[in-house]
Number of protein chains: 2
Amino acid sequence: MEQTARMSESISRRPGRPLGGQLVVDREHVLDAAERVIRRDGAGSSLEAVAVEAGVTKPIVYDRVGGRADLADALAERLSDRMVLATRTALAGETLSQMGLTRFIEANLRTVADNRELFLYVTGGSTEQTALGRLSLAERSTTPLTKTLAVWRSSIQQDPGVAEAWAFGIVGMLQMVSQWWITQDDRSAEEVAGQISELLWNGLPGRT
Amino acid sequence: MEQTARMSESISRRPGRPLGGQLVVDREHVLDAAERVIRRDGAGSSLEAVAVEAGVTKPIVYDRVGGRADLADALAERLSDRMVLATRTALAGETLSQMGLTRFIEANLRTVADNRELFLYVTGGSTEQTALGRLSLAERSTTPLTKTLAVWRSSIQQDPGVAEAWAFGIVGMLQMVSQWWITQDDRSAEEVAGQISELLWNGLPGRT
DNA sequence: CCCGTTACTTACTGCTGGTAACTTTTCGCA
DNA sequence: TGCGAAAAGTTACCAGCAGTAAGTAACGGG
């Protein structure tokens, strides 16, 4: 009676091979569910809750996306994709202006704000393995940034290692500023973006 | 027989009020033990292991330092103290030079390398509460940096909010660069420090 | 001499990540 | 047509961890 599938009638929650031999609940479905749960319950969400939201049981989650570290990694990829998408227009031009940089940072902040809990889930790695997993989000965001940097500044082309270090540094700066910014509401995104842009563009001593 | 205290003979591991009514195992003792455990077993160390290493039981740990979040916070304070101490000489002068900035960053990197596991433990917040707890390390490192920044650049004095944003940004940059740097050993601290210093000093476009 | 306080331990709960083993359905093939 | 193999999922479990309640031994003041 009340033990029938409650979540979604379209997916089969009972064992056995489905018609056509195709997976009813695929990886994307589980990741969507994970996002909903995290958005609703916060960054401390469990895999169990994700499974329930997806309308399946835990082993399915492990089969589709792997363990907790893999889930965080997959969600990091989603978030970084949104980051890249949101900031793409700001980095579009051939040459970079301070205005463009500011808009890049502001878009970054807004994307974090729009995905607050997801951001905290992804950046808040749990174990020692996942602590390094934060680099995963960084690396993904870093790749396009590295290319852009190489275009901007000729000196980077002479020493390619610089671009990588800079990209990680900038991503780290943006992550920390984002984390600090979303915990307080008395500053606008424009204001903070302008301040960070000023630092990254003109350097600590400023233009003389 | 073999159930006697095995760890340290000087501390009393049996219940009852000790002589003189003074605590035998104080907060610092527990924090020292926590550091040893984390250094030995990595960032995934449990409170149970900390208690064993300290020669006491778990409730003692909770009484002395609180829960896991409090432990991470206390260790973050220790680490940031070491950071400040190691970088103090680099920031000593009245005016800042790029060389001084480079040495500041390099000292930062070396301190992280010397406290690798501790750094990963502190920055790798576990739950959603502790995710914001990474700000704790940042804020502690930020405070002296903010003061220094205010001295360096007059424009900051006009808008005090800038210093805070910059300090968080710089700390985030250093944390991410550290995390990236300690996972690969084909770059020297000097090299990376010089590259990040160049970015922070001259800005993205560089000095023309 | 004894009782309250202090300091500590034992023993537990609740939850989470992860996995082994079992069940049900479908499909391929004789 | 019937039957075994494979696929898809569930149930039921384990180990480990954070955190806590309740019990116990030693000291000190009246």
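I count a residue as buried under 20% relative accessible area, as exposed over 50% and as partly exposed in between, with a 1.4 Å probe and protein chains only. By that rule, 52% of the 208 residues of chain A are buried.

**Entry 1, ground rules.** I am working on a predicted model, in which local features need pLDDT of at least 70 and side-chain atom pairs count only at pLDDT 80 or more, while totals for chains, interfaces and linings use all residues. Residues are numbered from 1 along each chain as its sequence is written, chains are lettered from A and ligands numbered from 1 in the order in which they are written, and side-chain values use heavy atoms, with hydrogens and water left out.

**Entry 2, chain A as a whole.** I looked up the secondary structure, taking helices (H or I, at least four residues) and strands (E, at least two) as DSSP runs numbered from the N terminus, and found ten helices and zero strands in chain A. For contacts (heavy atoms within 4.5 Å), I noted that, of those in chain A with a separation of 6 or more, 68% are between residues 24 or more positions apart. The exposed area of chain A comes to about 10200 Å², by the Shrake-Rupley method with a 1.4 Å probe, and carbon and sulfur atoms supply 51% of that area.

**Entry 3, salt bridges.** I searched the whole structure for salt bridges (a side-chain nitrogen of Lys or Arg within 4 Å of a carboxyl oxygen of Asp or Glu), and the search gave 28 over all chains. Side chains of opposite charge can pair when their charged atoms come close.

In chain A, I checked A:Asp63 and A:Arg64, which form a salt bridge with their closest N and O atoms 2.5 Å apart; A:Asp63 is exposed at 56% relative accessible area, whereas A:Arg64 counts as buried at 15%. I also checked A:Arg40 and A:Asp41, whose side chains meet at 3.3 Å, N to O; here A:Arg40 is exposed at 52% and A:Asp41 is partly exposed at 40%.

In chain B, I followed the salt bridge between B:Arg110 and B:Glu190, at 3.2 Å from N to O. This pair links distant parts of the chain, 80 residues apart, with B:Arg110 in helix α5 (residues 98-114) and B:Glu190 in helix α10 (residues 189-202). I noted B:Arg110 as partly exposed at 37% relative accessibility and B:Glu190 as partly exposed at 43%.

**Entry 4, a network.** Back in chain A, I found that salt bridges sharing partners join A:Glu28, A:Asp32, A:Glu35, A:Arg39, A:Arg78 and A:Arg82 into one network.
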